[in-house]
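I opened this structure today with my notebook beside me. Here is what I looked up, entry by entry.

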Amino acid sequence: MDERPFSAKIAKILERVRLAAEKSQRTEDRISLLAVSKNHPAESIRTAFECGLEDFGESYLQEALAKMEELADLPLTWHFIGPIQSNKARPIAEHFAWVHSVDRGKIARRLSDYRPAGMPPLQICLQVNISGETSKSGVSLEELPRLALEVMQLPRLQLRGLMAIPAPADGFSEQREPFARLREALAGLQSLGPGLDTLSMGMSDDLEAAIAEGSTIVRVGTGIFGPRKR
Ligand SMILES: *Cc1c(COP(=O)(O)O)cnc(C)c1O
């Protein structure tokens, strides 16, 4: 197991992001690092914050709410990145700044309905089933434009872009293919309205390929926090 302290792991990830951005002649300030803290304790998040990270991604609502309470003294930005059951839409709308995993209209409408008036609009990425796997969550590329139009019309949501978790692939060019499709899908939506500036793609094992295809948010768990417990 990798026992380097957090600060070294975070520095290593930031260096990978910087190098990948440089290779694609992109400026790294357009790529943000989302630390995926699911299955890791609040104390790990606190340490990561002390190392300079402010954006954290969670997949399980109850676990996330407990950590938010414990870390209420820190100015953190919370992102929901897991599957959404419709009966969880309300607490998600009330407690998160971003949701990366919207894949149907019903969930989007509920998130908008429940977003408190005093908070800024909920920042939304639509999750796309980019590898066409039947069992995976995510909207299909065919249904994406209709869902995007619907989300853009919801008053308390701000559509920012797309998210995907491609099927695992081995080589660099194989990893790039689905990310390229997601980039093209976002470009296809950009005529619908302004502000579509986000590609949430790339994790610990494929962030270089994602950055080469234009990722603006890489979601890294294992690379920062080490292996997950469950
Ligand atoms: C767990 C998870 C990640 C992080 O994956 P790692 O391989 O640990 O970096 C990223 N995105 C989503 C949606 C996840 O559920």
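**Entry: histidine 79.** I listed the contacts of histidine 79, skipping its neighbours within four places in sequence, and got Leu34, Asp55, Phe56, Gly57, Glu58, Phe96, Trp98 and His100. The model I am reading is a predicted one. Histidine 79 sits in strand β3, which runs over residues 77-80. Buried or exposed? I checked histidine 79 for that. Its relative accessible area is 3%, so I noted histidine 79 as buried, the cut-off for that word being under 20%.

**Entry: helix α1.** Next I took the ruler to helix α1, residues 6-23. With 18 residues at 1.5 Å a residue, the helix should span 26 Å, and its end C-alpha atoms are indeed 26 Å apart, so the two agree. I then asked which residues of α1 are buried. My list reads Phe6, Lys9, Ile10, Ile13, Val17, Ala20 and Ala21. These residues cover an arc of only 110° around the axis, which means that they lie on the same side of α1. What covers them? I looked for the elements over the buried residues of α1. The cover includes β1 (32-36), α2 (42-50), α8 (207-212), β8 (217-220) and α9 (222-225).

**Entry: isoleucine 10.** I picked one residue of helix α1 for a closer look, isoleucine 10. Its relative accessibility is 2%, so isoleucine 10 counts as buried. Leaving out neighbours within four places in sequence, I found isoleucine 10 in contact with Ala48, Cys51, Leu53 and Ile224. For leucine 53 I also noted the C-alpha separation from isoleucine 10: it is 8.7 Å, with their places 43 residues apart along the chain.

**Entry: isoleucine 31.** I moved on to the loop between α1 and β1, where isoleucine 31 is placed. Isoleucine 31 is buried, with a relative accessible area of 9%. Apart from neighbours within four places in sequence, its contacts are Val17, Ala21, Arg26, Ile211, Ser215 and Thr216. Val17 and Ala21 were already on my list of buried residues in α1. The C-alpha atoms of isoleucine 31 and serine 215 are 6.8 Å apart, although the two residues are 184 residues apart along the chain.

**Entry: two positive phi values.** Most residues other than glycine have a negative phi, so I wrote down the exceptions I met. Glutamine 25 has a positive phi, near 50°. Glutamine 25 follows α1 and lies in the loop between α1 and β1. At 76% relative accessibility, glutamine 25 counts as exposed. Asparagine 39 is not a glycine either, and its phi is positive at about 70°. I located asparagine 39 in the loop between β1 and α2. Here the relative accessibility is 13%, so asparagine 39 counts as buried.

**Entry: the ligand.** Which residues surround the ligand? I noted Val36, Lys38, Ser59, Ile81, Ile165, Met203, Ser204, Arg219, Val220, Gly221, Thr222 and Arg228. Then I looked at polar side-chain atoms beside the ligand's oxygen atoms. A side-chain N or O atom of lysine 38 is 2.6 Å from an oxygen atom of the ligand. For serine 204, a polar side-chain atom lies 2.5 Å from a ligand oxygen. Threonine 222 also has a polar side-chain atom 2.5 Å from an oxygen atom of the ligand. Last, I wrote down the cover: on its own the ligand has 390 Å² of accessible area, and the protein covers 89% of that.

Conventions:
Residues are numbered from 1 along each chain as its sequence is written. This is a predicted model: local features need pLDDT of at least 70, side-chain atom pairs count only at pLDDT 80 or more; totals for chains, interfaces and linings use all residues. Side-chain values use heavy atoms; hydrogens and water are left out. Helices (H or I, at least four residues) and strands (E, at least two) are DSSP runs, numbered from the N terminus. The expected span of a helix is 1.5 Å times one less than its number of residues. Buried means under 20% relative accessible area, exposed over 50%, partly exposed in between (1.4 Å probe, protein chains only). The arc is that of the directions from the helix axis to the C-beta atoms. Contact means heavy atoms within 4.5 Å. A residue is near a molecule or strand if one of its heavy atoms lies within 4 Å of it. A polar contact is a pair of N or O atoms within 3.5 Å; within protein, one must be able to donate a hydrogen and the other to accept it, and residues adjacent in sequence count only if both atoms are side-chain atoms. Accessible areas come from the Shrake-Rupley method with a 1.4 Å probe; for residues, only the protein chains shown count as cover.
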